[in-house]
Amino acid sequence: MDDLLEFFGQFGRCLNVFMRRLPSSRKKKGWSVQGSVFATFEKEEDAKSFVSQEGLKYNEVELTRCFKKDHQQEKKKAREARAAAVRKAMPWYEPGGTILQIVLGCLLRLGDLGEGTSWESIKQALAPYAEVAFVDYARGRTEAVVRFAEEGSAQAVLGQLGALEEPLTIDGTRVTTSVLEGDEEAEYWKKLTAAKREKKGRTKGGQRGAQGQRGRG
(Lines give C-alpha, C1' and ligand atoms only; values in the text may rest on other atoms or scores of the structure.)
Protein backbone atom coordinates (compact mmCIF):
# COMPACT_ATOMS: atom_id res chain seq x y z
CA MET A 1 0.00 0.00 0.00
CA ASP A 2 2.82 2.43 0.85
CA ASP A 3 4.39 1.78 -2.56
CA LEU A 4 1.11 2.65 -4.27
CA LEU A 5 0.68 5.85 -2.27
CA GLU A 6 4.24 6.84 -3.17
CA PHE A 7 3.60 6.09 -6.84
CA PHE A 8 0.39 8.13 -7.04
CA GLY A 9 2.01 10.85 -4.93
CA GLN A 10 4.21 11.74 -7.89
CA PHE A 11 1.18 13.30 -9.57
CA GLY A 12 -0.32 15.15 -6.62
CA ARG A 13 -1.46 14.52 -3.08
CA CYS A 14 -3.14 11.10 -2.98
CA LEU A 15 -5.62 10.78 -0.12
CA ASN A 16 -6.20 7.03 -0.31
CA VAL A 17 -5.93 3.97 -2.50
CA PHE A 18 -8.59 1.27 -2.54
CA MET A 19 -7.51 -2.14 -3.82
CA ARG A 20 -10.23 -4.36 -5.26
CA ARG A 21 -9.82 -7.91 -4.02
CA LEU A 22 -11.43 -11.25 -4.74
CA PRO A 23 -11.40 -14.54 -2.82
CA SER A 24 -8.46 -16.78 -3.69
CA SER A 25 -8.87 -20.29 -5.04
CA ARG A 26 -9.83 -23.21 -2.85
CA LYS A 27 -6.22 -24.37 -2.72
CA LYS A 28 -5.06 -21.04 -1.37
CA LYS A 29 -7.26 -19.45 1.25
CA GLY A 30 -7.41 -15.69 1.59
CA TRP A 31 -7.77 -12.79 -0.82
CA SER A 32 -6.06 -11.89 -4.08
CA VAL A 33 -5.84 -8.42 -5.63
CA GLN A 34 -8.06 -8.17 -8.70
CA GLY A 35 -5.58 -6.08 -10.65
CA SER A 36 -7.24 -2.67 -10.40
CA VAL A 37 -7.27 0.08 -7.79
CA PHE A 38 -9.15 3.31 -7.09
CA ALA A 39 -6.96 6.28 -6.16
CA THR A 40 -8.42 9.49 -4.72
CA PHE A 41 -6.49 12.72 -5.30
CA GLU A 42 -7.02 15.84 -3.23
CA LYS A 43 -7.33 18.03 -6.32
CA GLU A 44 -9.36 17.31 -9.43
CA GLU A 45 -6.69 18.76 -11.71
CA ASP A 46 -4.15 16.26 -10.33
CA ALA A 47 -6.52 13.40 -11.12
CA LYS A 48 -7.02 14.72 -14.65
CA SER A 49 -3.27 15.06 -15.10
CA PHE A 50 -2.74 11.47 -13.97
CA VAL A 51 -5.39 10.11 -16.34
CA SER A 52 -3.96 12.08 -19.28
CA GLN A 53 -0.43 10.69 -18.89
CA GLU A 54 0.75 8.64 -21.88
CA GLY A 55 2.49 5.29 -21.57
CA LEU A 56 2.38 5.38 -17.77
CA LYS A 57 3.77 2.22 -16.13
CA TYR A 58 3.86 0.71 -12.65
CA ASN A 59 6.36 -2.10 -12.07
CA GLU A 60 6.96 -2.24 -15.83
CA VAL A 61 3.25 -2.78 -16.52
CA GLU A 62 1.48 -0.15 -18.61
CA LEU A 63 -1.59 1.16 -16.83
CA THR A 64 -5.09 1.64 -18.18
CA ARG A 65 -6.59 4.70 -16.49
CA CYS A 66 -10.01 6.31 -16.32
CA PHE A 67 -12.22 8.22 -13.92
CA LYS A 68 -14.41 6.24 -11.56
CA LYS A 69 -17.63 7.46 -13.18
CA ASP A 70 -16.40 6.28 -16.60
CA HIS A 71 -15.37 2.95 -15.10
CA GLN A 72 -18.83 2.53 -13.59
CA GLN A 73 -20.46 3.32 -16.93
CA GLU A 74 -18.34 0.67 -18.64
CA LYS A 75 -19.26 -1.84 -15.95
CA LYS A 76 -22.93 -0.99 -16.37
CA LYS A 77 -22.72 -1.57 -20.12
CA ALA A 78 -20.94 -4.88 -19.51
CA ARG A 79 -23.65 -5.98 -17.06
CA GLU A 80 -26.37 -5.05 -19.55
CA ALA A 81 -24.57 -7.01 -22.26
CA ARG A 82 -24.30 -10.05 -19.99
CA ALA A 83 -27.99 -9.74 -19.09
CA ALA A 84 -28.89 -9.61 -22.78
CA ALA A 85 -26.78 -12.73 -23.37
CA VAL A 86 -28.56 -14.53 -20.53
CA ARG A 87 -31.97 -13.59 -21.91
CA LYS A 88 -30.88 -14.83 -25.34
CA ALA A 89 -29.85 -18.12 -23.75
CA MET A 90 -33.32 -18.37 -22.17
CA PRO A 91 -35.75 -18.18 -25.12
CA TRP A 92 -38.38 -19.76 -22.89
CA TYR A 93 -38.22 -16.83 -20.48
CA GLU A 94 -40.96 -14.22 -20.64
CA PRO A 95 -40.91 -11.57 -17.89
CA GLY A 96 -44.02 -11.99 -15.79
CA GLY A 97 -45.07 -15.04 -17.77
CA THR A 98 -43.35 -17.80 -15.82
CA ILE A 99 -44.18 -19.45 -12.52
CA LEU A 100 -40.88 -18.17 -11.13
CA GLN A 101 -39.74 -14.58 -10.75
CA ILE A 102 -36.35 -14.42 -12.46
CA VAL A 103 -33.98 -11.70 -11.27
CA LEU A 104 -30.85 -11.35 -13.38
CA GLY A 105 -27.47 -10.83 -11.75
CA CYS A 106 -28.64 -11.86 -8.30
CA LEU A 107 -26.93 -15.27 -7.92
CA LEU A 108 -23.92 -15.65 -5.63
CA ARG A 109 -22.29 -19.07 -5.29
CA LEU A 110 -20.63 -20.08 -2.02
CA GLY A 111 -18.07 -22.89 -1.89
CA ASP A 112 -16.11 -24.81 0.75
CA LEU A 113 -19.00 -24.72 3.21
CA GLY A 114 -18.58 -26.70 6.42
CA GLU A 115 -20.59 -29.84 7.20
CA GLY A 116 -22.54 -28.15 9.96
CA THR A 117 -23.47 -25.05 7.98
CA SER A 118 -27.16 -24.11 7.96
CA TRP A 119 -29.11 -21.96 5.53
CA GLU A 120 -29.92 -19.64 8.43
CA SER A 121 -26.20 -19.01 9.01
CA ILE A 122 -25.66 -18.30 5.32
CA LYS A 123 -28.50 -15.79 5.23
CA GLN A 124 -27.31 -14.12 8.42
CA ALA A 125 -23.77 -13.77 7.06
CA LEU A 126 -24.86 -12.11 3.81
CA ALA A 127 -27.89 -10.11 4.93
CA PRO A 128 -25.77 -7.05 5.89
CA TYR A 129 -24.69 -6.64 2.26
CA ALA A 130 -28.00 -7.00 0.38
CA GLU A 131 -31.51 -8.33 0.85
CA VAL A 132 -31.44 -12.13 0.62
CA ALA A 133 -34.46 -13.56 -1.21
CA PHE A 134 -33.58 -17.25 -0.94
CA VAL A 135 -30.75 -19.59 0.06
CA ASP A 136 -30.58 -22.61 -2.24
CA TYR A 137 -28.81 -25.08 0.01
CA ALA A 138 -29.16 -28.51 1.60
CA ARG A 139 -27.32 -29.28 4.83
CA GLY A 140 -24.15 -31.28 4.29
CA ARG A 141 -23.37 -29.90 0.84
CA THR A 142 -20.22 -27.89 0.23
CA GLU A 143 -21.86 -25.38 -2.12
CA ALA A 144 -24.87 -23.08 -1.99
CA VAL A 145 -26.42 -20.46 -4.25
CA VAL A 146 -27.74 -17.30 -2.63
CA ARG A 147 -30.43 -15.41 -4.52
CA PHE A 148 -30.61 -11.72 -3.71
CA ALA A 149 -33.75 -9.65 -4.19
CA GLU A 150 -32.34 -6.91 -6.43
CA GLU A 151 -31.11 -7.27 -10.01
CA GLY A 152 -27.31 -7.05 -10.31
CA SER A 153 -26.78 -7.22 -6.56
CA ALA A 154 -24.55 -10.33 -6.59
CA GLN A 155 -21.64 -8.47 -8.18
CA ALA A 156 -22.09 -5.58 -5.75
CA VAL A 157 -21.99 -7.96 -2.79
CA LEU A 158 -18.87 -9.63 -4.17
CA GLY A 159 -17.22 -6.22 -4.34
CA GLN A 160 -18.14 -5.48 -0.73
CA LEU A 161 -16.74 -8.82 0.39
CA GLY A 162 -13.54 -8.06 -1.47
CA ALA A 163 -13.08 -4.91 0.61
CA LEU A 164 -13.04 -6.88 3.86
CA GLU A 165 -9.79 -7.47 5.72
CA GLU A 166 -10.53 -11.20 6.04
CA PRO A 167 -12.36 -13.70 3.79
CA LEU A 168 -16.02 -14.41 4.49
CA THR A 169 -16.45 -16.92 7.32
CA ILE A 170 -19.66 -18.87 7.96
CA ASP A 171 -20.00 -21.11 11.01
CA GLY A 172 -16.25 -20.93 11.56
CA THR A 173 -15.32 -21.94 8.00
CA ARG A 174 -13.79 -19.68 5.37
CA VAL A 175 -15.82 -19.90 2.18
CA THR A 176 -15.20 -18.99 -1.44
CA THR A 177 -17.56 -16.72 -3.38
CA SER A 178 -18.29 -16.18 -7.06
CA VAL A 179 -21.09 -14.77 -9.20
CA LEU A 180 -23.13 -17.02 -11.49
CA GLU A 181 -23.11 -15.32 -14.89
CA GLY A 182 -23.75 -16.08 -18.54
CA ASP A 183 -24.47 -19.72 -19.38
CA GLU A 184 -24.19 -20.78 -15.72
CA GLU A 185 -26.84 -18.27 -14.71
CA ALA A 186 -29.15 -19.26 -17.57
CA GLU A 187 -28.76 -22.96 -16.76
CA TYR A 188 -29.52 -22.36 -13.08
CA TRP A 189 -32.78 -20.55 -13.85
CA LYS A 190 -33.73 -23.10 -16.49
CA LYS A 191 -33.37 -26.01 -14.06
CA LEU A 192 -35.12 -24.15 -11.27
CA THR A 193 -38.04 -23.17 -13.50
CA ALA A 194 -38.40 -26.77 -14.71
CA ALA A 195 -38.40 -28.03 -11.11
CA LYS A 196 -41.05 -25.47 -10.11
CA ARG A 197 -43.21 -26.41 -13.08
CA GLU A 198 -42.92 -30.11 -12.26
CA LYS A 199 -43.79 -29.50 -8.62
CA LYS A 200 -46.81 -27.42 -9.63
CA GLY A 201 -47.94 -30.21 -11.94
CA ARG A 202 -47.70 -32.78 -9.15
CA THR A 203 -49.73 -30.54 -6.85
CA LYS A 204 -52.48 -30.16 -9.45
CA GLY A 205 -52.51 -33.91 -9.86
CA GLY A 206 -53.15 -34.42 -6.17
CA GLN A 207 -49.59 -35.43 -5.28
CA ARG A 208 -47.50 -33.60 -2.75
CA GLY A 209 -43.75 -33.62 -3.10
CA ALA A 210 -41.51 -34.70 -0.27
CA GLN A 211 -40.49 -31.97 2.10
CA GLY A 212 -36.85 -31.14 1.41
CA GLN A 213 -34.29 -29.35 3.52
CA ARG A 214 -33.35 -26.65 1.06
CA GLY A 215 -32.84 -23.09 2.14
CA ARG A 216 -35.37 -20.35 2.54
CA GLY A 217 -35.48 -16.63 2.10
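Of the chain's 217 residues, 35% count as buried. The model is a predicted one, and it's worth starting with the overall picture before zooming in. The secondary structure adds up to six helices and 10 strands. Then there's the question of who touches whom: if we take the contacts with a separation of 6 or more, 64% of them come from residues 24 or more positions apart. As for the outside, the chain exposes about 13,800 Å², with carbon and sulfur atoms supplying 46% of that area.

Now for a couple of backbone oddities. Most residues other than glycine have a negative phi. Two residues, E60 and D112, go the other way.

Take E60 to begin with. Its phi is near 70°, a positive value, and E60 isn't a glycine. To find E60, look in the loop that links β3 (57-58) and β4 (61-62). Is E60 buried or exposed? Its relative accessibility is 69%, and anything over 50% counts as exposed, so E60 is exposed.

D112 is the other case. Here phi is positive at about 65°, again without the residue being a glycine. D112 sits in a loop too, this one running between β5 (107-111) and α4 (119-126). On accessibility, D112 comes in at 19%. The cut-off for buried is under 20%, so D112 counts as buried.

Put side by side, both residues have a positive phi and both lie in loops, yet E60 is exposed while D112 is buried.

Technical notes: Residues numbered from 1 in each chain as written. Predicted model: local features only at pLDDT ≥ 70, side-chain atom pairs only at ≥ 80, totals over all residues. Heavy atoms only, no water. Helix = DSSP H or I, 4+ residues; strand = E, 2+ residues; numbered from the N terminus. Buried < 20%, exposed > 50% of the residue type's maximum accessible area, 1.4 Å probe, protein only. Contact = heavy atoms within 4.5 Å. Areas by Shrake-Rupley, 256 points an atom, 1.4 Å probe, with all protein chains shown as cover.
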